[in-house]
Amino acid sequence: MYRTYRWGILAPGKIAHKFAEGLQFVPGAKLQAIGSRDEVKAKMFADQYHAPVSYGSYEALAADPEVDIIYIATPHTFHMENTLLCLKYGKAVLCEKPLAINSYQVETMIQAARENDSFLMEALWSRFLPNINRAKELVESGKIGAIKHLEADFGFKAEYDRHSRLFDPALGGGALLDIGIYPLFFALYLFGEPSEVESDAKLAATGVDESCRVKLTFGGGETANLYFTVTEFTPVEARIEGDQGEINLPNRWYQPVNLASTTEHGSEDYVMDFIGNGYNYQAAEVMKCLMEGRRESTKWSHHDSLQLMRLMDKIRQQCGIEYPADHTGR
Ligand SMILES: NC(=O)c1ccc[n+]([C@@H]2O[C@H](COP(=O)([O-])OP(=O)(O)OC[C@H]3O[C@@H](n4cnc5c(N)ncnc54)[C@H](OP(=O)(O)O)[C@@H]3O)[C@@H](O)[C@H]2O)c1
């Protein structure tokens, strides 16, 4: 039995298109309204995805009583401000990853969600994908024995543009917050909190990381070697090694892809039964939580977002990456 939840999209940029496509695969989800700084752009996006209402400001969207949940898709540095606005109007919020640019901001957002008795979740879409969860289930089933190591990368070549979201420190630029978040999340999901973090970054002329290597060590001696970059295309694969075999997630492992395991008994392929474009799973999770009267997801909780952000804070500290907004509001 589904009830209808009315969604609003705040900032109809690139990823918002993917989200709107995905939402069409979620039973009970209705795209109700779009909010952009540009009224014409909001209307065009609304028409494209058959949303009945559009606004030329984020506040007008947040204030709309016909909207239940707002998906926030601005650049990282605006996530806190936009989330606080939506929470103020009592909306449930699904905010793009990274939830903010540092743990101080994440703590502020969690506090605001509690004070407003509203739902808040980071749109870490991979956490809700069937392949990622199948990998975790296989690990827990003992399929490859005791897990010892994770190897994961995420790299693509972006044109250097000091004013772009990827390179501008004022927009929270750098590989770490944009794509490094995926291998880091996967390591935390598999092993929990690391006991040691060693990282090294190559900085772009703007001072943000264009490439970064991270080695994590966990309590039982397990390790993770992670690499992410916006300067070159890399295999974008993940390999989980156990003492009796390995699990392989092929190219674009953080997206909906199939996976395989190899042990001394042979190899097995796991063909996933995906629905939609993958972005639908996180939206379905928000609605499930709301239907159950919960204010956060147990699958990707406030604590999980905070732990991930604290790890990224630590990496930034080790690599000397600072954002102008780091000290704002403290
Ligand atoms: N889950 C994923 O797979 C995935 C993939 C890509 C990006 N993301 C995340 O989504 C967020 C947005 O990324 P995107 O690639 O969609 O960015 P984008 O195409 O640049 O869109 C961002 C939107 O934010 C609004 N905005 C407000 N203030 C802005 C400013 N000062 N500069 C630029 N835009 C501003 C703009 O919308 P209006 O002008 O209409 O208000 C713009 O269209 C990022 O936090 C990123 O990490 C997630």
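**A ligand between two domains**

Student: Why is the ligand said to lie between domain 1 and domain 2?

Tutor: Domain 1 (5–126 + 278–299) and domain 2 (130–273 + 310–327) both contribute residues to the shell around the ligand, so the ligand lies between them; the domain bounds come from an automatic or database domain assignment. This is a predicted model in which local features need pLDDT of at least 70 and side-chain atom pairs pLDDT 80 or more, while totals for chains, interfaces and linings use all residues. Residues are numbered from 1 along each chain as its sequence is written, and side-chain values use heavy atoms, leaving out hydrogens and water.

Student: Which residues come nearest to the ligand, and what makes a residue near?

Tutor: A residue is near if one of its heavy atoms lies within 4 Å of the molecule; of the 23 residues around the ligand, Ser 36, Lys 41, Tyr 58, His 76 and Lys 97 come nearest. By class, this shell has 11 nonpolar residues (Ala, Val, Leu, Ile, Met, Phe, Trp, Tyr, Cys or Pro), seven charged ones (Asp, Glu, Lys or Arg) and five polar ones (the others, Gly among them).

Student: How do you know that Ser 36, His 79 and Trp 125 make polar contacts with the ligand?

Tutor: A polar contact is a pair of N or O atoms within 3.5 Å. A polar side-chain atom of Ser 36 is 2.5 Å from a ligand oxygen, an N or O atom in the side chain of His 79 is 3.1 Å from a ligand oxygen, and for a polar side-chain atom of Trp 125 the distance to a ligand oxygen is 3.3 Å, so each pair meets the cut-off. The protein covers 82% of the 890 Å² of accessible area (Shrake-Rupley method, 1.4 Å probe) that the ligand has on its own.

Student: What is the omega of the peptide bond that joins Lys 97 and Pro 98?

Tutor: Omega is about -15 degrees, and the bond is cis.

Technical notes: Polar contact = N/O pair within 3.5 Å; in protein donor to acceptor, adjacent residues only side chain to side chain.
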